[in-house]
Amino acid sequence: MAATEGYCVKCKAKKVMLDPVESVTKNGKPITKGKCPDCGTTVCRIGSSKK
């Protein structure tokens, strides 16, 4: 499994997500949510993590 990156707004940098979980938003778009390894804030990435 490849490491999934997302932008942490608290750290203001791209971080590798801890425990990424794929889901779908209310309007049907794919999203991946995880935790920032440094501050613990929820990090989101819109779009599928599959390539």
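This passage describes a three-stranded sheet and the surroundings of one lysine in a predicted model. Residues are numbered from 1 along each chain as its sequence is written, and side-chain values rest on heavy atoms, with hydrogens and water left out. Because the model is predicted, local features require a pLDDT of at least 70 and side-chain atom pairs count only at pLDDT 80 or more, whereas totals for chains, interfaces and linings use all residues.

Strands β3, β4 and β5 form an open sheet in the order β3-β4-β5, with antiparallel pairing; strands are DSSP runs (E, at least two residues) numbered from the N terminus, and two of them pair if DSSP finds at least two bridges between them. Strands β3 and β5 stand at the edges of this sheet, each with a single partner strand, so that one side of each is left without a neighbour in the sheet. Neighbouring strands are turned against each other by 25 degrees on average, direction ignored, where the axes are lines fitted to C-alpha atoms and angles between N-to-C directions run from 0 to 180 degrees.

Between β3 (residues 18-24) and β4 (residues 30-35), the antiparallel pairing extends over five bridges. Within this pair, Glu 22 lies opposite Thr 32 of β4, and Ser 23 lies opposite Ile 31 of β4. The hairpin of β3 and β4 has five residues between the strands, and Gly 28 in this hairpin adopts a positive phi near 95 degrees.

On the other side of the pairing scheme, β4 is joined to β5 (42-46), again in the antiparallel sense, by five bridges. Thr 32 has Arg 45 of β5 as its bridge partner, while Gly 34 is bridged to Val 43 of β5. Six residues separate β4 and β5 in their hairpin, and Gly 40 in the turn has a positive phi of about 85 degrees.

Lys 15 belongs to strand β2 (residues 13-16). The residue is buried, with a relative accessible area of 18%, given that buried means under 20%, exposed over 50% and partly exposed in between, for a 1.4 Å probe and protein chains only. Its contacts (heavy atoms within 4.5 Å), leaving aside neighbours within four places in sequence, are with Thr 4, Glu 5, Gly 6, Cys 8, Cys 36, Pro 37 and Asp 38. With Asp 38, the side chain of Lys 15 makes a side-chain to side-chain polar contact at 2.4 Å; a polar contact is a pair of N or O atoms within 3.5 Å, of which, within protein, one must be able to donate a hydrogen and the other to accept it, and residues adjacent in sequence count only if both atoms are side-chain atoms.

Notes: Helix = DSSP H or I, 4+ residues; strand = E, 2+ residues; numbered from the N terminus.
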